[in-house]
Amino acid sequence: MKKRIFSLLMLSMMAFGMVSAQNQPTEQVSYTFNPHWFLQLQGGAQHTLGEAKFFDLVSPTAQVEVGYQFSPVWALRLGVNAWQSKGGWGEGTANAWGLPSNTYKWNYIAPALDVKFNIINALCGWNKDRVFTMNVIAGAGLNLAQSLDDAEAIVAKDPTLMKHYRTGTSVMPFGRAGLDFDFAVSSRVSLNVEAMAHILNDHYNGKHTDNADWYFNVLAGVKIALGKTVNKHVTVIGPEPVVVEEPAPAPAPAPVVVEEKVEPFQCNVFFKINKTVAEAQEVAKVAELAEYMKKYPETKVTLSGYADKGTGNARINSRLSEGRVNYVANLLRNDYGIEAERIYTEFKGDTVQPFADNDSNRVTICVTK
């Protein structure tokens with residue numbers, strides 16, 4: 001008998017624990033991109049296009065940039081590239097002309113403004129955990145090149161070899177384009193490799209060939225985000241109400257006062273295609289909901305945002321459904337004074353379609369309890 005009573009008691013406690021666990025509130029976590037400033041520090045090598053051997057025209061270069069990442073795809077940066085460029089001829093040509101050397105060098109400073117386009121995020125969508133990204137870069141700037149004193153002996157030997165020989169600093173506009181590759185180390189730090197081609201007018205290397213002058217940079221360095229790159233959103237989903245059956249009250253001689261039964265209130269706030277702001281007739285529904293919640297201050301509301309599957313894609317529709325549910329929640333809180341703890345929000349994107357009609361799924365469904 002004692003064993004039977006003990007077994008019943010244990011079963012009751014287990015059942016109570018399961019019910020309690022099922023009725024705990026849960027959290028839904030999502031993440032969105034956060035616009036931010038960033039800093040890039042890079043060093044590497046430059047090759048100035050010319051007649052000498054490839055490695056004879058390689059020199060050091062460095063670059064510092066500050067930029068702003070407006071979205072997962074687009075960024076703008078302002079920076080300075082500087083150090084050294086080279087010019088020259090093949091060794092056989094230099095020896096034939098009796099030149100004292102076949103190469104010469106000069107220093108430069110080149111501020112530039114660039115636009116960056118993230119190919120990976122554009123094609124695959126933003127992912128906070130992505131390790132590798134690739135950007136196309138295009139920009140323009142001014143190259144402040146110093147005098148060609150290193151070529152003075154060459155010019156003294158044959159002045160006709162360098163028709164654009166300069167003794168002071170020259171300022172030349174340039175255009176540039178290239179690629180960079182980012183490898184994330186953390187949410188704010190990444191290692192990058194960048195390759196850029198620069199085009200200038202024929203005067204840059206001092207020689208006259210009726211062709212544009214070119215130099216190419218390959219740099220490696222670090223990129224540091226100057227602020228958080230990700231926003232974390234936590235939505236609390238309330239537990240299902242537990243219905244406890246109570247025995248009927250014993251009859252009493254006094255009249256029984258029947259309490260008013262509060263019927264749940266539901267409304268559907270519809271939106272136009274690609275919109276997260278509702279029109280006036282839909283806002284009126286939110287006003288009715290707010291009046292109901294003021295009349296019954298114990299009630300809470302669950303707002304569920306959706307987007308139609310017939311247009312857009314999963315990423316766009318997730319953003320639209322989130323914007324629609326937040327729009328209704330903000331109206332209730334800010335315009336009608338409903339306390340935030342009485343409002344639960346969730347957004348489904350196009351993963352759930354509550355209505356058979358495609359256009360009706362651009363909606364926030366509001367249900368009180």
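In helix H5, the buried residues (under 20% relative accessible area with a 1.4 Å probe, protein chains only) are Glu282, Val283, Val286, Leu289, Ala290, Tyr292 and Met293. They cover an arc of only 165 degrees around the axis, taken from the directions from the helix axis to the C-beta atoms, and therefore lie on the same side of H5. On the other side of H5, Ala280 and Lys295 are exposed, which is to say over 50%. This is a predicted model, in which local features need pLDDT of at least 70 and side-chain atom pairs count only at pLDDT 80 or more, while totals for chains, interfaces and linings use all residues. Residues are numbered from 1 along each chain as its sequence is written, and side-chain values use heavy atoms, with hydrogens and water left out.

The cover over the buried residues of H5 includes strands S11 (266-270), S12 (301-305) and S14 (363-368), together with helix H6 (314-335); helices (H or I, at least four residues) and strands (E, at least two) are DSSP runs numbered from the N terminus.

The strands belong to an open sheet of 4 strands with mixed pairing, in the order S11-S14-S12-S13, where two strands pair if DSSP finds at least two bridges between them. Because S11 and S13 stand at the edges, each with a single partner strand, one side of each is left without a neighbour in the sheet. S11 and S14 run antiparallel and are joined by 5 bridges, and Asn268 stands opposite Ile365 in S14.

Cys366 is in contact (heavy atoms within 4.5 Å) with residues including Val269, Leu289, Val301, Leu303 and Val328, leaving aside its neighbours within four places in sequence.
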